[in-house]
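The following exercises concern strands, aromatic rings and a chain interface. Each task is followed by a solution in steps.

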Amino acid sequence: MLYDLLIDPFVEFDFMRRALVGAAALALSGGPVGVFLMLRRMSLTGDAMAHAILPGAAVGFLLYGLSLPAMTIGGLAAGFAVALAAGLVARTTALKEDAALAAFYLISLALGVTLVSLRGSNVDLLHVLFGTVLALDDATLLLVAGIATVTLAALAVLYRPLVLECVDPGFLRSVSRAGAVAHLAFLALVVINLVGGFHALGTLLAVGMMMLPAASARFWSGDITVMIGVSTLVGMLSGAAGLILSYHTGLPAGPSIILVAGGAYIASLFVGPVDGLLWRLVPGRHLEA
Amino acid sequence: MTDAARTSDAIRFENLTLGYDRHPAVHHLDGALASGSLTAVVGPNGAGKSTLLKGIVGALPPLSGHIRLSLGTPRGAKARIAYLPQAADIDRSFPITVYDLVCVGLWSRAGLFGGIGRKDRVRIEEALAAVGLTGFEKRTIGTLSGGQMQRALFARLLLQDADIILLDEPFTAIDARTTADLLALVRRWHDEGRTVVAVLHDMEMVRQAFPRTLLLAREPVAWGETDEVLTAENLLRARHLVEAFDTHAPICARDAA
């Protein structure tokens, strides 16, 4: 019974196994990246950059149809361009980075949807916006897994300046120039992860695999290392559970995964031991010291 | 000034003007801080005290003039500067422990990838003990009070082992006992021959603990032995010198003259 429910779909169908591997790879790198996005108060930046990838991918789609390299390269180019442009505008004008990003991503989203509609059908548009996690081919899986590998290696190298840049950027600036480099490298990691996620979950939901597990993890621990672990775990479990849910109920797979992750977030919000809402109802008596 | 005296300068200002949007906050400052000196920088709000420290750290490039560092540090190479900003922009909600926050003071030694060895751990323990934070190692920084946070930041300064230490209003909103403890550390740095510059508002403390004083009011009003600088006449002059920020100020003609 439980076997039929949980294991059989993956044993039976190749596309389910591929989807599971893809989701696991996304969670592996999305988990830590999401935690850093959250701790750096850049959660919405991630969202904005996800939208920004759309026109790049759309240009690739316009020129070559649903081709993996074309859409990947287009997405990367657009993502980096918007990240750099927003950073530049924020640094050289009075506009803050969040406003700059919002402006760029709104333009990007409108441009992207227009471009896809120029040539493709509504099905193509849905494909780009919400991904095709159930149709991952070898090349896409390799891309997603490769991105996860690069991300984890890069985060290991960047860990110290990245943490310090969040806690005390002024201090980091006074002892080292690594802060700006770490920030740019981190933005690059966000972009490549969003591009990886976009093939499976689409441009609109790719960021969900980063932010929802990370936001959930915040309620389970006050320690960064544990938070990253929890975040990755939540991502992976959401991937598996979302696929099973979609298999049995016929719901679209990508949104199912993100919905399960959303459920994990809401559950954490209430029962998480660190500042969970339910714990406020039973505050416990105050201590002696 | 003789050449011998010049080589023992830790920091030299040469016709230095620092400011924002071309408006000077420190105007035509000339002079030097001797190596190993303990100097208080005083002056009214808006006198350019914090700006001067930012300039020394290199966070603010001069509008004109130069800041020259460590013409004669015993260690030869570039002097190491430790800087404690006025309101350190520390994210207190970030989940990091006191121990981890303090141990980044070893950055100049450990850098991006270096490990923290057993010797370093001993130094970290000593630094925490010196500021009276033993037992706080595992606490996250969000749980510290203002005074405890300042103690932790001083522990980090201790570990930085810098030749030049810049403190921007280190005792503002800090209680008397914490101030006394931290002031003892400042004296210890002085005794160890480090160059210490502190921006302060408490004239009583300056008179008691700081041998030299720079009275700044955008322009240097007086600079030298504390007793000679902190006269009623000088302080009054400083108060009058800091005028309102003039949006339409003309270009300063002093350099051309």
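**Exercise 1. Determine which way the residues of β6(B) point and whether they are buried or exposed.**

Step 1. From β6(B), the residues I164(B), L166(B) and D168(B) point one way, while I165(B) and L167(B) point the other way. Every one of these residues is buried, where buried means under 20% relative accessible area, exposed over 50%, and partly exposed in between (1.4 Å probe, protein chains only).

Step 2. Because 5 of the 5 residues of β6(B) are buried, this strand is largely enclosed by the rest of the structure. Strands (E, at least two residues) and helices (H or I, at least four) are DSSP runs, numbered from the N terminus.

Before continuing, note the conventions: this is a predicted model, in which local features need pLDDT of at least 70 and side-chain atom pairs count only at pLDDT 80 or more, whereas totals for chains, interfaces and linings use all residues. Residues are numbered from 1 along each chain as its sequence is written, chains are lettered from A and ligands numbered from 1 in the order in which they are written, and side-chain values use heavy atoms, with hydrogens and water left out.

**Exercise 2. Place β6(B) in its sheet: what is the strand order, and which helices pack on the sheet?**

Step 1. The open sheet has 6 strands in the order β5-β6-β7-β3-β8-β9 (chain B), with mixed pairing; two strands pair if DSSP finds at least two bridges between them. Its edge strands, β5 (81–84) and β9 (219–225) of chain B, each pair on one side only. From one strand to the next, the twist averages 15°.

Step 2. On one side, β5(B) and β6(B) pair in the parallel sense over 4 bridges, and I81(B) has I164(B) as its bridge partner in β6(B). Strand β6 (residues 164–168) of chain B also pairs with β7 (residues 195–199) of chain B, in the parallel sense over 5 bridges. There I164(B) has T195(B) as its bridge partner, and D168(B) stands opposite V199(B).

Step 3. Helix α6 (residues 146–160) of chain B packs on the sheet and touches β5 and β6 of chain B, its direction making about 175° with that of β5(B). Contact means heavy atoms within 4.5 Å; axes are lines fitted to C-alpha atoms, for helices over the stretch in contact, and angles run from 0 to 180 degrees between N-to-C directions. Helix α7 (residues 176–191) of chain B likewise packs on the sheet, touching β3 (38–42), β6 and β7 of chain B, and makes about 155° with β6(B).

**Exercise 3. Describe the second sheet: which strands stand at its edges?**

Step 1. In chain B, 3 strands form an open antiparallel sheet in the order β2-β1-β4. The edges are β2 (23–34) and β4 (64–69) of chain B; each has a single partner strand, so one side of each is left without a neighbour in the sheet.

Step 2. The antiparallel strands β1(B) and β4(B) are joined by 5 bridges, and F13(B) has I67(B) as its bridge partner in β4(B). Helix α2 (residues 49–57) of chain B lies across β1, β2 and β4 of chain B, at about 120° to β1(B).

**Exercise 4. Classify the ring pairs F13(B)–W223(B) and F154(B)–F171(B).**

Step 1. Over all chains, a search of the whole structure finds 8 aromatic pairs. Rings of Phe, Tyr and Trp (its six-membered ring) pair if their centres lie within 6.5 Å; planes under 30 degrees apart count as stacked, over 60 as edge-to-face and the rest as tilted.

Step 2. The rings of F13(B) and W223(B) have centres 6.1 Å apart and planes at 40°, so this pair is tilted. It links strand β1 (residues 9–20) of chain B, holding F13(B), with strand β9 of chain B, holding W223(B), 210 residues apart. F13(B) counts as buried at 1% relative accessibility, whereas W223(B), at 24%, is partly exposed.

Step 3. For F154(B) and F171(B), the centres are 6.3 Å apart and the planes at 25°, so the pair is stacked. F154(B) belongs to helix α6 of chain B and F171(B) to the loop between β6 and α7 of chain B; both residues are buried.

**Exercise 5. How much area is buried between chain B and chain A?**

Step 1. The contact involves 20 residues of chain B and 23 residues of chain A.

Step 2. The buried area is about 1,900 Å², of which carbon and sulfur atoms give 63%; this is the accessible area (1.4 Å probe) that two parts lose on being put together, summed over both. F94(B), P95(B) and W107(B) supply 35% of the area that chain B buries against chain A, more than any other three residues.
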